[in-house]
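Let's explore a protein model together, one question at a time. Keep the structure open beside you and try each question before reading on.

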Amino acid sequence: MNHTHIIDKPKLHEEIMLKSAEIGFTMPSDLYIGTMLKTLVASKPSANVLELGTGIGLSLSWMIDGMDQDSSLTTVDNDPKLIAIAKRYFGDDQRVQIVCADGTDWIRAYEGDSFDLIFADAWPGKYSEITETLEMIAVGGFYIIDDMTPQPNWPEGHQEHVDSLVVYLEERDDFTLTKLNWSTGVLIAVRNT
């Protein structure tokens, strides 16, 4: 498959990619992950969606494209510069709440409605506060993580964190999961009880 064959990119995608290069942001989301997120969000009418790790807003642009008018999305990142960029692109969308906060603190303090889909693309919600994050997911809701196959920017010893996380998720009987050796390595789990 070739990236050039993806024709339904979000309107702001190219602009965000240019901004990413301009500020030297080296961790933008893979295009395939974007299309998958858009599709999964589209499967949930009136969805309540959470993204942990806004980054520069690439994944966010895909998820917003998949949302219907009755859906809402909260995205959380601890980098004020990146949050400011995301607000410039998406701050006028009433369905979207862009939060600048420490992910760990935000997860621990959250007391709102369950989420139909959580894309955890930051340390909190993926390698820390995993139990609390999974508790936020509604029955039938998705938990999605990427970068599960070795990446060039991984620090030494990171594979151990990945392996431990996969074992933890596999041992839970309240989630059904599949591991995809695709894109950057994806794990999709669905809450079943």
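Q: This is a predicted model, so let's start with a pair of charged side chains: which residue does glutamate 135 meet in a salt bridge?
A: Look for a nitrogen and an oxygen that come to 3.7 Å from each other. A salt bridge needs such a pair within 4 Å, so this one counts. The oxygen belongs to glutamate 135, and its partner is arginine 191.

Q: How many residues apart in sequence are the parts that glutamate 135 and arginine 191 tie together?
A: Glutamate 135 lies in helix H6, while arginine 191 lies in strand E7. The salt bridge therefore ties together two parts of the chain, and their separation in sequence is 56 residues.

Q: Is arginine 191 buried or exposed?
A: Its partner, glutamate 135, has 44% relative accessibility and counts as partly exposed. Arginine 191 has a relative accessibility of 13%. Buried means under 20%, so arginine 191 counts as buried.

Q: Which residues are linked with Glu135 and Arg191 in a network of salt bridges?
A: The structure holds 7 salt bridges, and some of them join up. Starting from Glu135 and Arg191, the network also takes in Arg172 and Asp174.

Q: Which residue forms a salt bridge with arginine 108?
A: Arginine 108 is in helix H5 (residues 103-109), and its partner sits in the loop between strand E4 (115-120) and H6, so parts 21 residues apart in sequence are tied together. Arginine 108 is exposed at 56% relative accessible area, whereas the partner is buried at 10%. With the closest N and O atoms 2.8 Å apart, that partner is glutamate 129.

Q: Why do the buried residues of H7 line one face of the helix?
A: The buried residues in H7 (residues 158-171) are His158, Val162, Leu165, Val166 and Leu169. In an α-helix, residues three or four places apart point the same way, because there are 3.6 residues a turn. Seen down the axis of H7, the buried residues line one face because they fall within an arc of 100°.

Q: Which exposed residues does H7 carry on the face turned away from its buried side?
A: The buried side of H7 is covered by parts that include helix H6 (130-135), strand E5 (137-145), strand E6 (175-180) and strand E7 (186-191). Now turn to the face directed away from that buried side. The exposed residues there are Glu160 and Glu171.

Q: Which are the edge strands of the open sheet?
A: The sheet has 7 strands in the order E3-E2-E1-E4-E5-E7-E6, with mixed pairing. An edge strand pairs on one side only. That picks out strand E3 (96-100) and E6.

Q: In which sense do strands E1 and E2 pair?
A: Strands of a sheet pair through backbone hydrogen bonds, either parallel or antiparallel. Strand E1 (residues 48-52) and strand E2 (residues 72-77) share 5 bridges. One bridge joins asparagine 48 to serine 72, and the sense of the pairing is parallel.

Q: Is leucine 40 buried or exposed?
A: Leucine 40 is found in helix H2 (residues 31-42). Leaving aside residues up to four places away in sequence, leucine 40 touches Leu117, Phe142, Ile144 and Ile188. Its relative accessible area is 14%, so leucine 40 is buried.

Terms used: Residues numbered from 1 in each chain as written. Predicted model: local features only at pLDDT ≥ 70, side-chain atom pairs only at ≥ 80, totals over all residues. Heavy atoms only, no water. Helix = DSSP H or I, 4+ residues; strand = E, 2+ residues; numbered from the N terminus. Expected span 1.5 Å × (residues − 1). Buried < 20%, exposed > 50% of the residue type's maximum accessible area, 1.4 Å probe, protein only. Arc of directions from axis to C-beta. Contact = heavy atoms within 4.5 Å. Pairing = 2+ DSSP bridges.
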